[in-house]
Amino acid sequence: MYLKKKRGIQPWMAAVAALLVVIWLFYALGNILTPFLIAAVLAYILNPLVEKLRDRGMKRTLASMLVMVFALVVLLALVLIIVPMLINQFNNLVARLPQIVGYVQNTLLPWIQGFAGDYVSLNTDSIVAWLQSHTGSLNEALQKIVPTVMKQGGNMVLGVTNLFLLPFLLYYFLLDWQRWAHGIRALVPRRYIDTYSRISSNMDQVLGEFLRGQLTVMLVMGLVYGIGLMLTGLDSGFAIGMIAGILVFVPYLGAFTGLLLATLAALLQFGSWQGLLMVWAVFAVGQFLESFFITPKIVGERIGLSPFWVIFSLMAFGQLMGFIGMLIGLPLAAVSLVLLREGADAYFKSHFYQHK
């Protein structure tokens, strides 16, 4: 009896040990694994497109190449559009620092004083003197930020992520994805194949629907914010809108970041309440559409990844594994959700729970 129980425990001990080894490898090889994980996530998202091309009679080699080129062209186009706009907006911020001081002195502080004069007393002369005295040092600091960030960013891209490997990695992931999936399935003991099929199918449903749906939401919201800000006449409005859309995968972060950047840009460019109200209206409409129509329609509530779970998973895995944890946080959260559901279902069906 004892030996039988011991043998039953051994496979689970081996599985836990293997899981711990995998986690340790992720932690120890995080810098090397980054481009591989990026390619793996992209391949998982794009694999259905490869399968559709195969169903139409195209060889998998050619289908993988076409999908890889399409994905990289889209990413490169976004970078070439967004980055120059943001650099231009930053340069405008540096050049208009004296204008910001004048706006604060002549418009903002008098308005605050008039609105809250009965409750708050502002020493406007001291505030303006402080702003004027620190404008020069702030200007120098801002001018030094861009070269420093660009230098560090270049080192990070070249030394950490090795993004030049991404096209090759993405192509081979797409090419061999189906073969690897069948190989993993073949390794599963036959007595567990039904359980494996059910769990892997649930994971694929949650992961696939969430990742592909969230990617679509990001693109749609980027276009909504970007085109809306362009229609207001805001310079670099499309870039700011696309950034807000890209950050939509973290609940409320995209709208908040985009609103903050757009408000600052509107103050610099328009200098009036009318311009601010138009910008704020774009984000109000965008947030309404995302919350009540776009996200429920595309992603759906049935997946079960609540905003709380998304934020917690990003923070937790980011804290544990750094950038690599942020990258795989949402997929791991979806997988964990499926495993928790399976564990809860097994618990409620167990003799321990049902026995009175």
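Reader: Let's start with D176: is its side of the story buried or exposed?
Author: This is a predicted model, where local features need pLDDT of at least 70, side-chain atom pairs count only at pLDDT 80 or more, and totals for chains, interfaces and linings use all residues. Residues are numbered from 1 along each chain as its sequence is written, and side-chain values use heavy atoms, with hydrogens and water left out. Buried means under 20% relative accessible area, exposed over 50%, and partly exposed in between (1.4 Å probe, protein chains only). D176 has a relative accessibility of 16%, so the label is buried.

Reader: And which residue does D176 form a salt bridge with?
Author: A salt bridge here is a side-chain nitrogen of Lys or Arg within 4 Å of a carboxyl oxygen of Asp or Glu. D176 and its partner R179 are separated by about one helical turn, because they are three residues apart in helix α6. An α-helix has 3.6 residues a turn, so residues three or four places apart point the same way. The closest N and O atoms are 3.4 Å apart, and the partner is R179.

Reader: Is R179 buried or exposed?
Author: R179 bridges to D176, which counts as buried at 16% relative accessibility. R179 itself comes out at 53%, so it counts as exposed.

Reader: Which residues are linked in a network of salt bridges?
Author: A search of the whole structure turns up four salt bridges. E51 meets R54 at 4.0 Å, N to O, and E51 also meets R60 at 2.6 Å, N to O. The first two are both in helix α2, three residues apart, about one turn of the helix. Put together, the linked residues are E51, R54 and R60.

Reader: What relative accessibility does R60 have?
Author: R54 counts as partly exposed at 38% relative accessibility. R60, in contrast, counts as buried, since its relative accessibility is 12%.

Reader: On to rings: what kind of pair do Y44 and W177 make?
Author: Rings of Phe, Tyr and Trp (its six-membered ring) pair if their centres lie within 6.5 Å; planes under 30 degrees apart count as stacked, over 60 as edge-to-face, and the rest as tilted. The structure holds five aromatic pairs. In Y44 and W177 the ring centres are 5.9 Å apart with the planes at 55°, so the pair is tilted.

Reader: How many residues apart in sequence are the parts that this pair ties together?
Author: Helices are DSSP runs (H or I, at least four residues), numbered from the N terminus, and strands are runs of E, at least two. Y44 lies in helix α2 (residues 30–55) and W177 in helix α6 (residues 166–187), so the separation between the parts they tie together is 133 residues.

Reader: Which member of that pair counts as partly exposed?
Author: Y44 is buried, with a relative accessible area of 13%. At 21% the other ring counts as partly exposed, so the answer is W177.

Reader: What about F173 and W180, what type of pair is that?
Author: Their ring centres are 5.4 Å apart and the planes meet at 85°, so this pair is edge-to-face.

Reader: How far apart are the end C-alpha atoms of helix α7?
Author: The expected span of a helix is 1.5 Å times one less than its number of residues. Helix α7 (residues 193–231) has 39 residues, so it should span 57 Å, which agrees with the distance in the model, 55 Å.

Reader: Where is T232 found?
Author: T232 is buried at a relative accessible area of 12%, and its side chain reaches the backbone oxygen of L229 at 2.5 Å. Contact means heavy atoms within 4.5 Å, and T232 touches F270, M278, V279 and V282, not counting residues up to four places away in sequence. Just after α7, G233 takes a positive phi of about 90°. As for T232, its place is the loop between α7 and α8 (237–246).

Reader: How much of residues 215–234 is helix?
Author: An unreviewed UniProt entry lists transmembrane regions, including 33–50 and 215–234; the positions follow the numbering used here, feature names are shortened, and annotations may be inferred rather than shown by experiment. Residues 33–50 are 100% helix, with end C-alpha atoms 24 Å apart. For residues 215–234 the ends lie 26 Å apart, strand content is 0%, and helix content is 85%.

Reader: How many helices does the chain have?
Author: Of the chain's 356 residues, 32% are buried. There are zero strands, and the helix count is 13.

Conventions:
A polar contact is a pair of N or O atoms within 3.5 Å; within protein, one must be able to donate a hydrogen and the other to accept it, and residues adjacent in sequence count only if both atoms are side-chain atoms.
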